[in-house]
Each structure stands twice: as structure tokens, then as C-alpha cells.
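Here is a friendly walk through one protein chain, written to be read with the structure open beside you. Shall we start with the strands and then move inward?

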Amino acid sequence: MRVVRVLSAALLTLGLAAAPAAADASPSPSQDGASAPTQAGTSFRTAAEIEQGQPATASGSTGDYLYWSFPADTGQRPTVKATVKLPESHASQTWQIDVYDGLRRRQACQYGAQTRTAAADASSVQLACVLRTVRAWSEPWANDPLPGTYYIRLTATGVATADLGLPVGSEVRVDSRDIGGSAAVDGSLAEPLVPGVATKPAEEREDAAVPAGLESEDGWASGWWSDRWVWTAVGGILAALAGVGGYALTRGSGRPSRAPAA
């Protein structure tokens, strides 16, 4: 029974250690109180930087390309949402939101209304794109999402000539769900995919590439640790307890008293 007590104490300790990991599997906290950008960029190089959980607004014209950038780390599944406020009078318009990674590769949406057509009497249109889970490592030929900077591009397609240049308002927001160890892989990037010196003003540039100001809230993940290690240890201890319990039930009470001595 001493062995059972020791294993039970170890299981309780690991359970307490796993609690914070389970708590992490929740949407990122809102940062509404932070200073949110009120302008968008017009290209990848001038994309406005936003943090996850932070709404950003921008004014523009129908036909413009609006760009924002945000950081996403290993194990996160980002959800990008955009709302476009249309002018009072307009023809039918189709709006589209695209997401690119740090290598400017277009990332597919798992689900969500990435493209929507607004009727002529619509006052606004809402778009959404749920990305795949960000991986710590991937094959060079693959198109898997990797930790680093991601770009949002919002634009209208198939716009009538009379609607080009009409003023519109936009709001974007990114939230992530932490998937945890179920998405862990054996490997990690040497560095996250972040933009370099091209995003800095000319007077701030140096000889070496300078990353932009985007960074994951708690720093970039190392890529090797995940809560999968905790649950693997818990599973091993449960198996050991099951073995000890099975042995205790099947071994009997020992040598029967009526059995003759050897």
C-alpha cells in the first residue's frame, strides 16, 4: 500500500501542474484598453501592427487594399474578423479578407466567411477567417502556418466603376485559441518568421535586419515544451496504478493456512 500512496501523491502533483496548461486552452484576453491603430497600411511593408485581442479601425476608399499585421505563436489557432461599413448608396459589392504568413504565403481558412457579397441596400458586411493551428516546425516544401508575423489584407472585388473611391470604414480583430499539446510536433524554427528592416523608417535602419515591433505576448515559444509532456506522465502513472491495483486484487491473501508445509 505504500507504493500506492506514493504513486497517488505523484499523480496529484502532476494534476496540479497540468491545471495551468488546461487553463491556457482559452481565447486570448481582450486588450480593448490598449491604444488601437486607427489607420491601415496600403502594402505588406506598411501594414499597421496590431496585437491579438485588440480591435483596430481604419477609414479608406472602395477599391483600396488595407493591410494589418499581428503575431501568432506555436499552438495558437487565430481567428480574424473584419467588419466593413459601407456608404449609404452603393451597388452590390464583394469583399474579401486574406491572411498571409511571414513569408507572404497565403494561408487557407479552415472555415469562416472569407468572401461575402453585400447587397445594394446593405449598410455593412462581416467577414471571418479561422486559420489552421500554428506549428512549431514544418517541411520546407509545405505551406503550414509557422510562428511569426501574419498579414491581413482587406479589399473589395468586382466593384462597379461608379463605386470606386467611395468612403468606407473598417474594423478588424484577431483572437486565438490555444490548442496545446494536441498540435505539438517534434521540431522548432531557429527564429520566428518576422518582418525585417523593410518595415522600419529610413532613419532607423541599420546594416543588420531589424525586426518589427511585433512579438508574442509571453515571448516566442521554444517549440519543445507542451502540455503533452504532462499528460504523457499522467498516463504513465495511471498505468502504473492500474498495474499495482490489478496485482493486489489477483495475488490472493497468500499461502492458505491448511496447506502442508513443504
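Two strands count as paired if DSSP finds at least two bridges between them. With that in hand, one cross-strand partnership is easy to place: valine 80 stands opposite cysteine 129 in β9. Please keep in mind throughout that this is a predicted model.

**The chain as a whole**

The protein chain contains two helices and 11 strands. Read along the sequence, these elements follow the pattern α-β-β-β-β-β-β-β-β-β-β-β-α. Of the 262 residues in the protein chain, 37% are buried. Among contacts with a separation of 6 or more, 71% are between residues 24 or more positions apart. The exposed surface of the protein chain comes to about 14,800 Å², and carbon and sulfur atoms supply 55% of that area.

**The open sheet around β4**

Five strands form an open sheet, and their order is β2-β11-β4-β9-β7, with antiparallel pairing. At the edges sit β2 (56–61) and β7 (109–111), each of which pairs on one side only. From one strand to the next, the twist averages 35°.

Strand β4, residues 76–85, is a good place to look at this sheet in detail. On one side, β4 pairs with β11 (residues 167–178) in the antiparallel sense over 10 bridges. Two of the contacts along that pairing are worth finding: proline 78 has serine 176 of β11 as its bridge partner, and threonine 83 has glutamate 171 of β11. β4 is also joined to β9 (residues 124–131) by seven bridges, and these two strands run antiparallel as well.

Which side chains of β4 are buried, and which are not? They alternate along the strand: Gln76, Pro78, Val80, Ala82 and Val84 point to one face and are buried. Arg77, Thr79, Lys81, Thr83 and Lys85 point to the other face and are not buried. Pro78 and Val80, whose partners were named above, therefore belong to the buried face, while Thr83 belongs to the other.

**The enclosed strand β3**

Strand β3 (residues 66–72) gives another picture. Seven of its seven residues are buried, so β3 is largely enclosed by the rest of the structure. Leu66, Trp68, Phe70 and Ala72 point one way from β3, Tyr67, Ser69 and Pro71 point the other way, and all are buried.

β3 pairs in the parallel sense with β1 (residues 48–49) over two bridges, and there glutamate 49 has serine 69 as its bridge partner in β3. β3 also pairs with β10 (residues 148–157), this time in the antiparallel sense over seven bridges. In that pairing, alanine 72 stands opposite glycine 148 of β10.

The pairings described so far can be set side by side:

| Strands | Sense | Bridges |
|---|---|---|
| β4 and β11 | antiparallel | 10 bridges |
| β4 and β9 | antiparallel | seven bridges |
| β3 and β1 | parallel | two bridges |
| β3 and β10 | antiparallel | seven bridges |

**Aromatic rings around Phe44**

The count of aromatic pairs comes to four. One of them joins phenylalanine 44 and tyrosine 100, an edge-to-face pair with 5.2 Å centre to centre and 90° between the planes. Phenylalanine 44 lies in the loop between α1 (2–23) and β1, and tyrosine 100 in β5 (residues 93–100), so this pair ties together parts that are 56 residues apart in sequence. Both phenylalanine 44 and tyrosine 100 are buried.

Phenylalanine 44 also pairs with tyrosine 151: the ring centres are 5.2 Å apart and the planes at 90°, so this pair is edge-to-face. Tyrosine 151 lies in β10, so its pairing with phenylalanine 44 ties together parts that are 107 residues apart in sequence. Tyrosine 151 is buried, as is phenylalanine 44. Ring pairs link Phe44, Tyr67, Tyr100 and Tyr151 into a cluster.

**The nonpolar cores**

Which members of the largest nonpolar core touch the most other members? Of its 31 residues, they are Ile50, Trp68, Phe70, Trp95, Ile97, Ile152 and Leu154. The elements giving two or more residues to this core are β2, β3, β4, β5, β9, β10 and β11. Another core, of five residues, lies apart from it, and its members include Ala47, Tyr67, Tyr100 and Tyr151.

Key
Residues numbered from 1 in each chain as written. Predicted model: local features only at pLDDT ≥ 70, side-chain atom pairs only at ≥ 80, totals over all residues. Heavy atoms only, no water. Helix = DSSP H or I, 4+ residues; strand = E, 2+ residues; numbered from the N terminus. Axes fitted to C-alpha atoms, helices over the stretch in contact; angles between N-to-C directions. Buried < 20%, exposed > 50% of the residue type's maximum accessible area, 1.4 Å probe, protein only. Contact = heavy atoms within 4.5 Å. Areas by Shrake-Rupley, 256 points an atom, 1.4 Å probe, with all protein chains shown as cover. Phe/Tyr/Trp six-rings, centres within 6.5 Å; stacked < 30°, edge-to-face > 60°. Core = buried A, V, L, I, M, F, W, Y, C linked by side-chain atoms within 4.5 Å.
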